[in-house]
Amino acid sequence: MMDSRIILFQRSALLFFLLWFHSAYGDLSYSFPEEMKRGSVIGNIAKDLGLQAGALSNRRARIDTDGTDKHYCDINLNNGELIVAERIDREGLCGEKASCILKQELVLENPLELHRISLHIQDINDNLPQFNEEMIKIEIRESAVRGARFVIEEAHDADVGQNSIQQYNLKKNDNFILAVTGNTLELVLDKELDREKQKDINLILTALDGGSPQRSGTVVIHVTVLDANDNAPVFSQAVYKASLPENSPLDTVVVTVSATDADEGVNGEVTYDFGHVTEDVKKVFNIDRKSGDIKVIGAVDFETTTSYEIRVKAKDGLGLSSYAKALIFITDVNDNAPVVTLKSMSNPIPEDTPPGTEVGIINVQDRDSEKNRQVRCSIQQNVPFKLVPSIKNYYSLVTTEQLDREVVSDYNITITVTDEGSPPLSSSKTVQLSVADINDNPPVFEEQSYSAYVTENNKPGATLCSVSARDPDWRQNGTVIYSLLAGEVNGAPVSSYLSVNGDTGVIHAVRSFDYEQFRSFKVQVVARDNGSPPLSSNVTVSVFISDVNDNSPQILYPASEGNSFMTELVPKAAHGGSLVSKVIAVDADSGQNAWLSYHIVKSTDPGLFSIGVHSGEIRTQRDISESDSMKQNLIVAVKDNGQPSLSATCAMYLLISDNLAEVPELKDISYDEKNSKLTSYLIIALVSVSTFFLTFITIILGVRFCRRRKPRLLFDGTVAIPSAYLPPNYADVDGTGTLRSTYNYDAYLTTGSRTSDFKFVTSYNDNTLPADQTLRKSLSDFADAFGECDSSAEQKPPNNDWRFTQGQRPGPSGPHMPYGTHIRWTPKSGTRATGGPEVAMGTGPWPQPPTEAEQLQALMAAANEVSEATATLGPGTMGLSTRYSPQFTLQHVPDYRQNVYIPGSTATLTSNPQQQQATAQQATQQALPPPQASAQAEPPKAVQTPASKKKSTKKEKK
Ligand SMILES: *[C@@H]1O[C@H](CO)[C@@H](O)[C@H](O)[C@H]1NC(C)=O
Ligand SMILES: *[C@@H]1O[C@H](CO)[C@@H](O)[C@H](O)[C@H]1NC(C)=O
Ligand SMILES: *[C@@H]1O[C@H](CO)[C@@H](O)[C@H](O)[C@H]1NC(C)=O
């Protein structure tokens with residue numbers, strides 16, 4: 001519609017111009033559009049000038065150009081029309097001038113006339129609007145705000161007026177509108193740009209002119225949207241979740257976060273970081289700035305933290321950032337072994353704790369969770385304890401058996417706990433538990449009984465043996481103290497014999513022992529512990545005293561030198577081998593120490609007499625001849641078999657005569673001796689004793705006759721019955737009870753003891769004599785007598801005991817001791833068996849040593865001798881000599897083998913027929929072959945050891 005209006009306007013304008021030119025005079029003016037074809041008629045000059053058609057040619061009309069060479073138009077002379085001679089381009093001629101007038105002159109000749117012709121060239125729309133470039137490039141930052149203007153170079157149109165550019169059109173688009181102000185053309189940002197949405201925008205701009213037909217020109221505006229950091233990075237997820245096993249190794253990637261930024265370049269470069277997180281998180285995790293990997297850099301421990309919430313930040317190059325959350329859940333791994341804790345413990349526990357007592361409380365913990373937290377608790381097998389589950393994680397440690405500290409004094413209890421994880425973890429704890437002592441064990445002696453062996457004459461204080469008891473209890477409960485159980489031995493308190501060291505159990509002799517007094521005794525030693533109350537036990541200690549050769553032989557017959565009446569008569573008719581006399585000696589010792597041997601050390605006629613080495617019998621070696629000296633002196637040495645051996649000597653005076661009266665020198669023999677004073681005293685003493693005897697005998701005889709005849713007298717019976725030199729106590733066993741029992745009684749008392757010889761006498765006369773006096777007297781008598789004996793150089797100094805009076809002598813053998821005590825002390829059965837070394841006698845080549853019996857025999861012989869000598873008041877003893885005649889020999893010499901007293905056996909002369917039988921049997925068993933004639937004695941066989949003695953004792957007891 002607009003176009004049409006413009007066209008309308010152009011037509012009316014053209015009409016106006018044409019009319020105006022017509023009205024002008026003189027000059028010709030024509031208006032016509034440009035670009036008319038050549039020959040096109042512009043107007044009719046002839047007419048316009050009022051000339052005839054032919055006139056023009058006549059007048060030679062022509063068009064002259066006004067200074068220009070170009071003829072744009074010509075005149076048709078024929079008809080006078082003005083025509084286009086040349087292309088007329090208005091734009092070429094006038095450019096942008098609004099009016100374009102070409103000046104032409106018409107020259108007429110005849111008259112020369114000049115007419116100006118103005119040619120008004122009218123524009124036609126023959127040019128397009130045109131832009132400078134085909135494409136306009138502009139760059140706009142996306143951050144440009146709405147309303148921003150961007151100038152665009154306008155288009156050009158060579159036409160003018162209506163035909164020039166009238167309007168612009170911008171093709172519809174999202175962002176821009178066009179603003180035209182005058183000639184200025186601007187793009188106005190109507191909606192903000194987003195590079196991220198559209199990076200490049202092409203706008204098409206059209207310029208339109210007002211011609212008809214309308215023409216247009218188009219240009220493309222290429223808008224490049226420049227980036228602005230208008231986008232923050234964007235995470236792919238708002239929350240990232242991951243689970244991570246605890247204890248994962250370092251650098252484990254837990255989760256990768258990722259964010260994108262729509263911007264480009266620096267603006268789009270995203271870096272990651274933690275947002276605000278705690279220090280703990282920073283120690284455990286780290287995020288890679290570039291990749292967004294969240295990695296482990298520290299220890300991940302479920303037991304400390306089960307999950308982490310981490311704020312993650314993503315940032316672009318220019319600082320826009322955004323956040324996301326990473327949730328990391330830690331999963332449990334069985335990495336914690338269960339832990340045993342001892343909560344309480346009674347330690348030590350007394351050993352009398354009853355089974356089932358709770359002694360400790362144990363707690364078990366596992367820091368892991370669920371299955372990894374389930375625990376099983378156990379204890380090792382071989383201990384008397386068990387675990388009893390208590391509340392929750394608690395267990396009680398309970399005893400299952402009676403404890404015994406003496407067996408196991410402390411326990412290492414190992415408690416093992418295992419969880420149920422896979423693999424399971426376990427741990428153990430060892431609890432040390434001590435058992436406290438209770439005094440439940442008495443001391444126990446190491447042996448059932450103890451024996452101590454001590455040789456007599458020991459030093460007081462000597463160690464005898466030691467006892468030892470053990471008590472397994474602890475400290476004072478097991479400390480053993482030894483003591484002697486109070487009691488009596490032979491009537492004296494035990495403590496006067498022995499003492500025991502309370503700490504060591506060593507037993508000491510308190511005094512010196514004398515084998516000849518007693519051979520053994522027993523004491524009880526108590527071992528007591530120090531507990532409260534104390535426990536104790538006791539043991540028997542048997543002390544055996546062994547013999548030492550401390551007694552030299554005592555020669556009972558003949559009495560020592562100087563007693564001239566100990567002269568023997570030897571019948572002149574005696575044949576070789578006749579028994580002449582016998583040396584009788586005893587030794588208070590026992591065993592080998594009491595085994596005596598007899599030797600002639602000096603004799604008047606060495607070839608005439610010999611002495612039996614063991615028997616002491618002096619026999620003629622050959623028949624006595626007339627030439628033999630009447631007086632024969634022999635010095636006989638008696639030696640015991642001890643080590644060293646002791647000896648004694650005596651002199652034997654022999655008279656070869658059939659009649660004492662034949663020997664006038666007899667007195668000389670007796671008075672030869674120097675010590676006549678003593679001899680006379682002795683004679684006086686003997687005379688008085690003999691007188692006493694005689695009177696006593698007559699009294700007894702008188703009494704005997706007066707009363708009914710009594711079969712036996714006491715001691716003097718021996719004297720009264722000459723044949724009784726065969727000792728009644730040997731052969732006449734079946735005699736009356738009185739004698740036998742008395743003997744029996746004393747045989748025990750006097751065993752092996754020198755002093756007991758005298759006691760024997762005493763006891764025999766017990767009813768009639770005060771024991772003390774008699775003893776002392778006889779003791780001194782004998783002591784004197786022995787003093788004159790030649791003791792060999794080896795002879796020991798007399799035992800200390802000899803210096804005591806009987807009363808002072810310690811021990812039960814003192815005369816003040818009631819003999820009854822002895823009997824009690826020496827049981828009839830058994831004791832003898834265990835007694836001394838006599839046991840060995842039956843097995844050796846030696847004859848039995850003189851026993852008490854023999855000593856008794858000897859004593860009686862001596863007494864007989866004395867009484868007879870006294871009775872005749874002369875030296876020599878005819879009666880005896882006759883008894884020593886060869887035919888008497890057998891009777892006179894006691895057959896030791898038939899001796900009823902059997903050493904080492906229990907039996908002596910007892911009335912028990914059974915026992916006698918046994919005794920007899922034993923006697924035969926132990927019987928010796930007759931002593932060998934050869935003087936060389938075989939060495940005695942080994943003396944029985946104490947041990948074997950003990951054995952035999954036991955056997956006997958059975
Ligand atoms: C108990 O353990 C201790 C120390 O390890 C050790 O000396 C002791 O001999 C152990 N006791 C037992 C009864 O095993
Ligand atoms: C000894 O045993 C008693 C209980 O008979 C006890 O009380 C005491 O503690 C024990 N002594 C020692 C040192 O063990
Ligand atoms: C000695 O021990 C025995 C058992 O061995 C016992 O019967 C006796 O009573 C004890 N004697 C004393 C005094 O303890």
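**Exercise 1. Describe how strand 16 is paired with strand 15 and with strand 9.**

Solution. Step 1: strand 15 (residues 200–209) runs antiparallel to strand 16, and nine bridges link the two. This is a predicted model.

Step 2: look at one pair of residues. Leu 208 has Ser 216 of strand 16 opposite it.

Step 3: check the connection. Six residues separate strand 15 from strand 16, and the two strands form a hairpin.

Step 4: turn to the other partner. Strand 9 (residues 135–141) pairs with strand 16 (residues 216–226) in the parallel sense, over seven bridges. Here Ile 138 faces Val 223 of strand 16.

**Exercise 2. Work out what surrounds ligand 2 and how much of the ligand is covered.**

Solution. Step 1: list the neighbours. They are Asp 437, Ile 438, Asn 439, Trp 474, Arg 475, Gln 476 and Asn 477.

Step 2: sort them by class. The shell has two nonpolar, three polar and two charged residues.

Step 3: find the polar contacts. One oxygen atom of ligand 2 is 3.0 Å from a polar backbone atom of Asn 439. For Asn 477, a polar side-chain atom is 2.3 Å from an oxygen atom of the ligand.

Step 4: state the cover. Ligand 2 on its own has 360 Å² of accessible area, of which the protein covers 60%.

**Exercise 3. Identify the largest nonpolar core and the strands that supply it.**

Solution. Step 1: this core has 29 residues, and the members touching the most others are Phe 513, Phe 521 and Val 541.

Step 2: name the strands. Those that each supply at least two residues include strand 35 (449–455), strand 43 (520–529) and strand 44 (536–546).

Step 3: look for another core. One of 28 residues lies apart from it, and Tyr 272, Phe 274, Ile 287 and Ile 294 are among its members.

**Exercise 4. Arg 60 and Asn 490 are not glycines, yet have positive phi. Decide whether each is buried or exposed.**

Solution. Step 1: place Arg 60. Its phi is about 55°, and the residue sits in the loop between helix 3 (53–58) and strand 3 (62–65).

Step 2: apply the cut-off for exposed, which is over 50% relative accessible area. Arg 60 has 54% relative accessibility, so Arg 60 is exposed.

Step 3: place Asn 490. Its phi is about 50°, and its loop joins strand 39 (488–489) and strand 40 (492–493).

Step 4: buried means under 20%. Asn 490 has a relative accessible area of 8%, so Asn 490 is buried.

Notes
Residues are numbered from 1 along each chain as its sequence is written. Chains are lettered from A and ligands numbered from 1 in the order in which they are written. This is a predicted model: local features need pLDDT of at least 70, side-chain atom pairs count only at pLDDT 80 or more; totals for chains, interfaces and linings use all residues. Side-chain values use heavy atoms; hydrogens and water are left out. Two strands pair if DSSP finds at least two bridges between them. Helices (H or I, at least four residues) and strands (E, at least two) are DSSP runs, numbered from the N terminus. A residue is near a molecule or strand if one of its heavy atoms lies within 4 Å of it. A polar contact is a pair of N or O atoms within 3.5 Å; within protein, one must be able to donate a hydrogen and the other to accept it, and residues adjacent in sequence count only if both atoms are side-chain atoms. Accessible areas come from the Shrake-Rupley method with a 1.4 Å probe; for residues, only the protein chains shown count as cover. Ala, Val, Leu, Ile, Met, Phe, Trp, Tyr, Cys and Pro count as nonpolar, Asp, Glu, Lys and Arg as charged, and the others, Gly among them, as polar. A nonpolar core is a set of buried Ala, Val, Leu, Ile, Met, Phe, Trp, Tyr and Cys residues joined through side-chain atoms within 4.5 Å. Buried means under 20% relative accessible area, exposed over 50%, partly exposed in between (1.4 Å probe, protein chains only).
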